[in-house]
Amino acid sequence: MATAPEHLTPLSVISHEVAVWVADVARLTLPAKVHWCDGSEAEYRSLQQLLVGNGEMLPLNADTHPGCFLYRSDPNDVARVEHLTYVCTRDREDAGPNNHWMAPAQAHRKMDDLFRGCMRGRTLYVVPYCMGPIDSPFSRGGVEITDSAYVVLNMRLMTRMGRAALERIAREGTFVKGLHSVGELDPERRFIVHFPEESMIKSYGSGYGGNALLGKKCHALRIASWQARSEGWLAEHMLIVGIESPSGQTHYLACAFPSACGKTNLAMLIPPASYAGWKVWTIGDDIAWLHPGKDGRLYAINPESGYFGVVPGTNPKTNRNAYETIRRDTLFTNVALTAGGEPWWEGLHEGKPAFDWQGRAYDPANGPAAHPNSRFTVAATQNPSYSRAAEAAGGVPISAIVFGGRRRSLAPLVYQARGWAHGVLIGAGVASETTAAATGAVGVVRRDPMAMKPFAGYNFADYWDHWIRVGAALEHPPQIFHVNWFRQREDGRFLWPGFGENMRVLRWIIERCEGRAGAVDTPIGQLPGPSDLDTRGLAIGESVLEELLAVDPQSWREELAAIGAYFDEFGERLPQALKRELGETLQRIEAFTPRR
Ligand code: GTP
Ligand code: SPV
Ligand code: MN
């Protein structure tokens, strides 16, 4: 059944292991047809037509949005499901208190029972993909088997998918196995299960985003973080952005913010008018694989080739680059529709919705017109700020690592770690308000270390230990910072204008890396003094700036206690260096009298 079709000749590109696995899966799932994806334009177009033909996808207004489509997912399947996501290691402790765990044998049994015969009457798509540039030694291959043509379309945009990936896998001999079925889309029969020791993923019952596009969070973060630990690198939930100063020098920053906390926006930021001559280059908007280089610096590749971005809030003012990027050849998921067949969402500031994300006549009583986690899928090359360096086999050198979260209070606009180990403490202590990117309550502050709470494929204590080791071995480690764009007034308005204006903070970060910008020492790290931050042309009051840059000892005492209590969950496995950094920060707080 799983013999390779003629359009993939020479057949030798299919490794024996891939062929055997596909045959095994076909015997389990019993599809009517097996389709090996070659990744061609023709295949892409024909799958689009298939979905339009059976009503699963709607072509959008071809004059305003050529090549764009709307896909409506099942209303109960609109976000990642963290409570149904498992990491299955032989030893439960290896998954850690940060992951749901099942014994591997039991998990395989449970999943295979769900998969048995689930593709009857359907097509099984074999999706070979490569995370990272095809010719990069840092890249890794995978094969996703899925019964969703929508998943195939997304994978074609998000990864290097098709023939070249299959060839690379045949050359390399190893790949990550991902088995996916939409199943019945029943939340009671939905599980996203990882077997890091077998480089395997089994996902059943969802057709949405990170649950179903297995190259993304499942492979490039959960499985890859496990591999990275044993191989001496880092797989992180980070954007990668290049900032070119008027002198022509480019610094690359890798920034870890939790889901729906501004990575895509920062990665394609447009500097304020006063920043003539500055340029921003996007390498990646969600995931970074970081490798120590021979020169003692850290180098990053973006394993993805597209963006699966949050739609609401996108407009020419907040993010003109994203706005331009998604005007053509874009797959929209769960946005609203105007009477003229154009996509619509909250925060677009043009047109008005006629139909909501479920296809109902729009009625504000039903809530937002576009789902808060509605998304665009688009090729990265369509981004006006796309950098060719995203194709560089060796990656780009990282000057700074920036952690961040969505905190309405406490965390200042920006601060710098005193060194690598202190930076790891800052990353491990990140907390953020939950967002619509995952099911469950929104706006609840929770610990989200390195923005990896939902994505670390192993015990966080071991993960922090690995971070400390990687940095200690670097002769020129990146500087580490923390930012917070989301401080709010009582009435909910943001204190900091954000978006393009974040450039002012990035500038301070870069000039700190160059040893040029000033800073004030505080117990939590170094902060810009009011005159160290470029606020020219910014309508922001002195008192607001003071509030954004304040360190309140009592609140921080409580925060550090909360971080300590969180660390206690990890028991003896918690690295000594983190305990030490936490203790030293506490001591500095006790000795601190804030400036007035
Ligand atoms: P994932 O794709 O889920 O990983 O999200 P992300 O981190 O890429 O977040 P994204 O850039 O898509 O932003 C999420 C939401 O935050 C959007 O609604 C943005 O409009 C909003 N946002 C982004 N940057 C800023 C900012 O600087 N200030 C404020 N107030 N909102 C922002
Ligand atoms: C996230 O939730 O961090 C995303 C979207 O980037 S998803 O692909 O669903 O994980
Ligand atoms: Mn993300």
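How far is an oxygen atom of ligand 2 from an N or O atom in the side chain of K217? In this model, which I should say at the outset is predicted, the separation between those two atoms is 2.6 Å. I would like to start from that contact and describe the surroundings of ligand 2, and then turn to ligand 1.

Two other side chains make polar contacts with oxygen atoms of ligand 2: an N or O atom in the side chain of R80 is 2.9 Å from one such oxygen, and a polar side-chain atom of H237 lies 3.3 Å from an oxygen of the ligand. On its own, ligand 2 has 290 Å² of accessible area, and the protein covers 98% of that.

The residues around ligand 2 are R80, G209, G210, K216, K217, H237, S259, D286, F308, R375, A437 and F455, and by class this shell has five charged residues, four polar ones and three nonpolar ones. As for where these residues come from, the helices α7, spanning 209–212, and α8, spanning 215–231, each supply at least two of them. At the level of domains, at least three residues of the shell are drawn from domain 1, which is 6–57 + 76–231, and at least three from domain 2, which is 236–305 + 389–590.

Let me now move to ligand 1, which is surrounded by 21 residues, the closest being A260, K263, T264, N265 and R375. R375 therefore deserves a second look on your screens, given that a residue counts as near a ligand if one of its heavy atoms lies within 4 Å of it, and R375 is also listed among the residues around ligand 2.

Which backbone atoms approach the oxygen atoms of ligand 1? A polar backbone atom of C261 is 3.3 Å from an oxygen of this ligand, and a backbone N or O atom of P312 lies 3.2 Å from an oxygen of ligand 1. From a side chain, there is R406, with an N or O atom 3.3 Å from an oxygen atom of ligand 1. The accessible area that ligand 1 has on its own is 660 Å², of which the protein covers 91%.

The shell around ligand 1 divides into ten nonpolar, seven polar and four charged residues. Helix α9, at 263–267, and strand β17, at 306–310, each supply at least two residues of that shell, with α9 giving the most, namely three. Domain 2, 236–305 + 389–590, and domain 3, 307–378, each contribute at least three residues to the shell around ligand 1.

To finish with the setting of the two ligands, ligand 2 sits in the largest pocket, and ligand 1 sits in the largest pocket as well.

How values were computed:
Residues are numbered from 1 along each chain as its sequence is written. Chains are lettered from A and ligands numbered from 1 in the order in which they are written. This is a predicted model: local features need pLDDT of at least 70, side-chain atom pairs count only at pLDDT 80 or more; totals for chains, interfaces and linings use all residues. Side-chain values use heavy atoms; hydrogens and water are left out. A polar contact is a pair of N or O atoms within 3.5 Å; within protein, one must be able to donate a hydrogen and the other to accept it, and residues adjacent in sequence count only if both atoms are side-chain atoms. Accessible areas come from the Shrake-Rupley method with a 1.4 Å probe; for residues, only the protein chains shown count as cover. On a 1 Å grid over the protein atoms alone, a cavity is a set of points where a 1.4 Å probe fits but cannot get out, and a pocket is an open set with protein on both sides within 12 Å along at least five of seven lines; lining residues have an atom within 4 Å of a point. A molecule sits in a cavity or pocket if more than half of its atoms lie within 2 Å of its grid points. Helices (H or I, at least four residues) and strands (E, at least two) are DSSP runs, numbered from the N terminus. Ala, Val, Leu, Ile, Met, Phe, Trp, Tyr, Cys and Pro count as nonpolar, Asp, Glu, Lys and Arg as charged, and the others, Gly among them, as polar. Domain bounds come from an automatic or database domain assignment.
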